[in-house]
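Please load the model in your viewer and keep a selection panel ready, since each stop below begins with something to select.

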Amino acid sequence: MGNSMVQMQLEEVKSFLGESVEKMNSFLNGTTIRMLQDESSGDEAYYQSLLSTVRRLAVYCEEGYETCKIVLGNNTFHKGAAEKTLYKVFHQCIEEFFSPKNDAWYEDSRSAYTGKNSIKYHQSVPASFAALIKGLEGSFQHIREELEYYETDYRTKMMHSK
């Protein structure tokens, strides 16, 4: 893949990450467990795991955003560093969104074929939380499709370099 193509993808990912971090942090800064409970009484431990997952995702996305800024800000564009960054964003941000480590929610892969949202919850969630995830999902899906190439290509390059 050419330098200009990789640079364009990195710029798109940087923009996506910046917007995503802003949405997540806005939600997290204005939301407490008590507010979620008032909105929809539910399992407090589950609500804690939902917020914890969004906090972790926000940190991963912020780290990715900062790395994109650094790579794009260099006087000389380093394709290898850009590809490594895109690979890391795919694994830390995109995969964490669709399949969080703490299993707070999961992806129903069949939903992708029906055009419906693919994020499903183990328990009912407050509408504000569902709206946040729904508002993020389309962008995460788009970037996942853009970066799937790095899932195989970067790993192949690393294996051949050993």
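Begin by selecting Tyr60, Glu63, Gly64, Thr67, Thr85, Lys88, Val89 and Gln92, the residues that line the largest cavity; a cavity here is a set of points on a 1 Å grid over the protein atoms alone where a 1.4 Å probe fits but cannot get out, and lining residues have an atom within 4 Å of a point. The elements giving two or more residues to this lining are α3 (44-73) and α4 (79-98), helices being DSSP runs of H or I with at least four residues, numbered from the N terminus. The model is predicted, so local features need pLDDT of at least 70 and side-chain atom pairs count only at pLDDT 80 or more, while totals for chains, interfaces and linings use all residues. Residues are numbered from 1 along each chain as its sequence is written, and side-chain values use heavy atoms, with hydrogens and water left out.

The search of the whole structure finds 1 cavity of 30 Å³ or more, and the largest cavity holds about 50 Å³ of space, a volume being the space filled by probe spheres set on grid points that are joined across faces, edges and corners. Its lining comprises 2 nonpolar, 4 polar and 2 charged residues, where Ala, Val, Leu, Ile, Met, Phe, Trp, Tyr, Cys and Pro count as nonpolar, Asp, Glu, Lys and Arg as charged, and the others, Gly among them, as polar.

Next, select α3 and α4 together: their axes come within 9 Å and cross at roughly 165 degrees, with axes fitted to C-alpha atoms over the stretch in contact and angles running from 0 to 180 degrees between N-to-C directions. The two helices are therefore roughly antiparallel to each other, a term for angles over 145 degrees. The crossing of α3 and α4 is left-handed, meaning that the near helix is turned anticlockwise from the far one by less than a right angle. Among the residues making the contact (heavy atoms within 4.5 Å) are Thr53, Leu57 and Val71 of α3 and Ala81, Cys93 and Phe97 of α4.

Now add α1, residues 3-29, which packs with α3 at an angle of about 145 degrees, the axes lying 8 Å apart, in a left-handed crossing. The contact of α1 with α3 divides into 16 nonpolar, 4 polar and 5 charged residues.

Finally, hide α3 and look at α1 with α4, whose axes come within 10 Å and cross at roughly 35 degrees. Here residues including Asn3, Val13 and Leu17 in α1 meet residues including Lys79, Leu86 and Ile94 in α4.

Methods:
1 Å grid on protein atoms, 1.4 Å probe; cavity = no way out; pocket = protein on both sides within 12 Å on 5 of 7 lines; lining within 4 Å. Parallel < 35°, antiparallel > 145°, perpendicular 65-115°, else oblique.
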